[in-house]
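Biologist: I have a structure open on my screen and would like to learn how to read it. Could you take me through it step by step?

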Amino acid sequence: MIDIIIINYNSTDHLINCLRSIKDSLNGFHANIFVQDNASVDGVEMALIEFPYIKLTRNPQNIGFAAAVNQVSRQQSLYHITKSGYVCF
């Protein structure tokens, strides 16, 4: 199993393409996909229609890439980074 963290900011079209690529590439592997959105205004919720299994969290303001990665890592207790697969886009 791998945990995938994706940080999004006003790039929902790219996010959806990324999620499609991940889905096509997993080949039976299980992945937890966490999308941390930094206050996008381009309809990021649309990703949930096609990918209802992603864990989407939205920030009220753009806190930056590194802070968003740390935020989702703390929220999901992803402190086992070196023991399991960890992918960050």
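Biologist: Let me start with one residue: is D37 buried or exposed?

Modeller: Residues under 20% relative accessible area count as buried. D37 has a relative accessible area of 0%, so it is buried. Please keep in mind that this is a predicted model.

Biologist: Which residue forms a salt bridge with D37?

Modeller: For a salt bridge, we look for a side-chain nitrogen of Lys or Arg within 4 Å of a carboxyl oxygen of Asp or Glu. Here R58 pairs with D37, and their closest N and O atoms are 3.3 Å apart. The two come from distant parts of the chain: R58 sits in strand β3 (residues 55–59) and D37 in strand β2, 21 residues apart. Unlike the buried D37, R58 is partly exposed, at 36% relative accessibility.

Biologist: Which other residue forms a salt bridge with R58?

Modeller: That is E45, with the closest N and O atoms 2.4 Å apart. This pair also joins distant parts of the chain, since E45 lies in the loop between β2 and α2 while R58 is in strand β3, 13 residues apart. E45 is partly exposed, with 39% relative accessibility. Put the pairs together and you get a network of salt bridges linking D37, E45 and R58.

Biologist: How many salt bridges does the structure hold?

Modeller: There are three. One of them joins R20 to E50, whose closest N and O atoms are 2.8 Å apart. R20 belongs to helix α1 and E50 to helix α2 (residues 47–50), so distant parts of the chain are linked, 30 residues apart. R20 counts as partly exposed, at 37% relative accessibility, and E50 is partly exposed as well, at 37%.

Biologist: Now I would like to step back. What pattern does the chain follow along its sequence?

Modeller: Reading along, you meet β-α-β-α-β-α-β. That gives three helices and four strands. Of the 89 residues, 36% are buried. Among contacts with a separation of 6 or more, 64% are between residues 24 or more positions apart.

Biologist: Where should I look for a nonpolar core?

Modeller: In soluble globular proteins, nonpolar side chains tend to be buried together. In this model, the largest nonpolar core has 14 residues, and I6, L15, L19, I33 and I54 touch the most other members. At least two residues come from each of β1 (2–8), α1 (12–25) and β2 (31–38). The most come from α1, which gives four.

Biologist: Which residues does I33 touch, beyond those up to four places away in sequence?

Modeller: I33 touches I4, I6, L19, I22, Y53, I54 and K55. There is also a second, separate core of six residues, and I7, F34, V69 and V72 are among them.

Biologist: How do I read a single residue in a helix, such as I16?

Modeller: Begin with its place, then its cover, then its contacts. I16 lies in helix α1 and is buried, with a relative accessible area of 13%. Setting aside neighbours within four places in sequence, I16 is in contact with A47, E50 and F51. Try a distance too: I16 and V44 are 28 residues apart in sequence, and their C-alpha atoms are 9.0 Å apart in space.

Biologist: May I practise on Q71? What does its side chain make a polar contact with?

Modeller: The partner is the side chain of N59, at 2.9 Å. Q71 is placed in helix α3 (residues 65–75), and with a relative accessible area of 18% it is buried. Beyond its neighbours within four places in sequence, Q71 is in contact with Q36, N59 and I63.

Biologist: Where in the chain is confidence lowest, and where is it highest?

Modeller: Strand β4 (residues 85–88) has the lowest confidence, with a mean pLDDT of 55, and α1 has the highest, at 96. Across the chain the average pLDDT is 87, and 87% of the residues score at least 70. Where pLDDT is low, the predicted coordinates should not be read in detail.

Biologist: And what about the surface?

Modeller: The chain exposes about 5,300 Å², and carbon and sulfur atoms supply 56% of it.

Note on methods. Residues are numbered from 1 along each chain as its sequence is written. This is a predicted model: local features need pLDDT of at least 70, side-chain atom pairs count only at pLDDT 80 or more; totals for chains, interfaces and linings use all residues. Side-chain values use heavy atoms; hydrogens and water are left out. Buried means under 20% relative accessible area, exposed over 50%, partly exposed in between (1.4 Å probe, protein chains only). A polar contact is a pair of N or O atoms within 3.5 Å; within protein, one must be able to donate a hydrogen and the other to accept it, and residues adjacent in sequence count only if both atoms are side-chain atoms. Contact means heavy atoms within 4.5 Å. A nonpolar core is a set of buried Ala, Val, Leu, Ile, Met, Phe, Trp, Tyr and Cys residues joined through side-chain atoms within 4.5 Å. pLDDT is the predictor's confidence in each residue, from 0 to 100. Accessible areas come from the Shrake-Rupley method with a 1.4 Å probe; for residues, only the protein chains shown count as cover.
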